[in-house]
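The exercises below concern a protein model with a bound ligand. Please attempt each task with the structure open before reading the solution.

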Amino acid sequence: MESINIVWLKRDLRTQDHAPLHAAEKAGKPYRIIYIFEPSILRHPDSALRHQQFIYHSLIEMNRTLQQYERKVEIFHAEAVEVFKDLINQFEIGTVFSHQETGIEQTWLRDKEVYNYLKNEGILWKEYQRDGVVRGITNRDGWDKNWFVTMSEPTIENTFSRNSSRKTFQNAYPLADEFKKQLEDYPTFFQPAGEKNGWRYLTSFADGRGFDYNRHISKPAKSRKSGGRISPYLAWGNLSIKQAYQFVKKHENLKSNKRAFGAFLTRLKWHCHFIQKFEVECEYEHTCINRGYELLPHESDPKKLQAWKDGKTGFPMVDACMRSVIKTGWLNFRMRAMLVSFLCHHLDQDWRDGVYHLAHQFLDYEPSIHYPQFQMQAGTTGINTVRIYNPVKQSQDHDPEGEFIKKWIPELVIVPIEHIHEPWKMTELEQSFCGFQIGRDYPPPIVDLQESGKIARTKVWGHRKNQAVKDDSKRILATHTRAGRRNP
Ligand SMILES: Cc1cc2nc3c(=O)[nH]c(=O)nc-3n(C[C@H](O)[C@H](O)[C@H](O)COP(=O)(O)OP(=O)(O)OC[C@H]3O[C@@H](n4cnc5c(N)ncnc54)[C@H](O)[C@@H]3O)c2cc1C
C-alpha cells in the first residue's frame, strides 16, 4: 500500500503562506490535498449555498494553480471520519496536516471525533496556528504583543514539487450531481472567489480605492468602493491576515494615507481579536456572552421578524440595507450594526431569531466575528457601550441624497428627496402628486421609532444593573481583556 501524508484544507483555501502545505512538502513524502463538504455541517442552520459556492470556486482556482505540479485538491462530500476511513483503506497514512479551526461548537466536536479516530489508527494530526490566534489560553496577557510579533514574521513562500503519489485514487464520496450543479452556478453579483481575486481586491485598495477609507467607512454606498472588501477572502482563507497586513504596511502609499491605511490595519487586528474570543468560548453562537442577559425577556413577534428579514419594515434605510445584503452578500460595518440594533432594540426581538438570517447573507460569514459582533450590537455583553441606532438619522447622515435607498428600493424612486428618509410623513396630497401610496406601494413603519427607542433604552440600560449581569461582566473582563484594562 502506498504511504502518503494528507493536507486537510478548511478555512485556508490558498496556495501561499500556507503552513500545512509547506509542512507536507518538507516531510519529503508523497501527499494528497483534500477538502470535505460535510453534510452535517451543511445542515447546520448557519450554512448557506453562497458560502459553499465561494468555497467551491476557491478550490477550483487552487486546482488551476496546482495543475502544473500534477496536483489537485480532492473534493469529498461525506462526514470527515468516513472520508478518512476510506483513505485509510486505500493508503497508509502517516500524518494529516491542517490549520487549527476556530469554528462553531459543531466543528469543534467534529475535530475531536476526527482526532480520536486518527489517534486510534496511529495517525498523527499536526495542526498549525491561524492568523495569530492562540489555542488554549485563559486570558489575554501578552496577546497583543505576540500578535504583532507573528504579523512581522515572514510569510511562507510555498513551493510545490511534482506529485509523486502515483496510485490511482478512488474517491468514494464525490460531490452529488445536484449539489455540484448548485455550486457551479455562482451568481455574478457576489464577489468572485479565490486567491487571485483576493489579491486583486487588496491591491486595488492600496493602489487607490482605499484613500477615502475613513471618510466613507459608514456610508452604505461609497464604502462599497473605498472599503477593503477583502472580508470573504479572509473568512475563507484565500488571503492570510499576515499577507494582508504586510502588504498594506509595506505599501508605498502608506506614507501619504497613514490615517486610512492605519484604520484598515487596526481592523485586521480586530478580526483576530474576535476570533480569539470565540476560540475561548464558542458558546456565543447560541448563548448570551453575558449570561445575565438570558434573564431579559423579548417580545418575539414573527410578523416583525419576517418584515425585517424581507426588508419590508417601512424604514427605508433598514430595508435598503437588508435587500442589498441579500442580493450582494456584503454590507459595511455601520449598516450591519444598525440592522441588528433595529431588530433587537426597536423591534425587541431576541438576537438568536435574526443571527442565522444575517449569517446566511454575509458572503464573509466568519462565526468568530459574526456572533460576538451580533451580540455586541444586541447589547448582551454587559461590558460594551450599547448603541441604539436611529435608522432615520443613519439614513440622513450617510445617504443624504437617498442614492443607496433608491438603488435597493425601486418603489421609492418616485418619492421626492425631502421625504425619502421618512416617506410615511408625506401628506395624502403629496403622495397622490407623485403617484405613490404608503400601505400600497411601500409599508408603513412597523414601529413608532421614538416610542420603541425610549422603551429599548430603559430596558437595556436598566438590565445592566441586574446582579447576574454585573457578576458575569467580571468574568468576561478577566477572560477577554488585557490585565491593565480589567479595572478601569
Ligand atoms: C452584526 C455584525 C456581523 C458581522 N459579521 C461579520 C462576519 O461574519 N465576517 C466578517 O469578516 N466581518 C463581520 N463583521 C465585521 C465587519 O462588518 C466586516 O468585517 C466588514 O464590513 C467587512 O468589509 P471590508 O472587508 O471592506 O472591511 P474593512 O473595513 O476593509 O476591514 C478590513 C478587514 O478587517 C476585518 N474587520 C473589519 N471590521 C471589523 C470588525 N468590526 N470586527 C472584526 N473584524 C473586522 C475584516 O476581516 C475586514 O475584511 C460583522 C459586523 C457586525 C456589526
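**Exercise 1: Backbone contacts of the ligand**

In this predicted model, a backbone N or O atom of Ser231 lies 3.1 Å from an oxygen atom of the ligand. Determine which polar backbone atoms of Arg229 and Ile230 approach a ligand oxygen, and at what distances.

Solution. Begin with Arg229: one of its polar backbone atoms is 2.7 Å from an oxygen atom of the ligand. Proceed to Ile230, where the corresponding distance from a polar backbone atom to a ligand oxygen is 3.2 Å. Finally, consider the ligand's surface: taken alone, the ligand exposes 830 Å², of which the protein buries 98%.

**Exercise 2: Composition of the shell**

State how many residues surround the ligand and which elements supply them.

Solution. First, count the shell: 28 residues surround the ligand, and the closest are Tyr213, Gly228, Arg229, His271 and Asp364. Second, sort the shell by character, which gives 16 nonpolar, 7 polar and 5 charged residues. Third, assign helices: H11 (231-235), H13 (258-280), H16 (333-346) and H18 (367-378) each supply at least two residues. Of the contributions to the shell, that of H13 is the greatest, with 6 residues. Fourth, assign domains: domain 2 (193-280) and domain 3 (288-482) each provide at least three shell residues.

**Exercise 3: A strand pair**

Establish whether strands S4 and S5 run parallel or antiparallel, and find the partner of Phe97.

Solution. Strand S4 (residues 92-99) and strand S5 (residues 124-128) are parallel and joined by 5 bridges. Within S5, Lys126 is the bridge partner of Phe97. Now trace the connection: the chain passes from S4 through helix H5 (residues 105-120) to S5, forming a right-handed β-α-β crossover.

Conventions: Residues are numbered from 1 along each chain as its sequence is written. This is a predicted model: local features need pLDDT of at least 70, side-chain atom pairs count only at pLDDT 80 or more; totals for chains, interfaces and linings use all residues. Side-chain values use heavy atoms; hydrogens and water are left out. Two strands pair if DSSP finds at least two bridges between them. Helices (H or I, at least four residues) and strands (E, at least two) are DSSP runs, numbered from the N terminus. A crossover is right-handed if, with the strands pointing away from the viewer, the path from the first strand over the helix to the second runs clockwise. A residue is near a molecule or strand if one of its heavy atoms lies within 4 Å of it. A polar contact is a pair of N or O atoms within 3.5 Å; within protein, one must be able to donate a hydrogen and the other to accept it, and residues adjacent in sequence count only if both atoms are side-chain atoms. Accessible areas come from the Shrake-Rupley method with a 1.4 Å probe; for residues, only the protein chains shown count as cover. Ala, Val, Leu, Ile, Met, Phe, Trp, Tyr, Cys and Pro count as nonpolar, Asp, Glu, Lys and Arg as charged, and the others, Gly among them, as polar. Domain bounds come from an automatic or database domain assignment.
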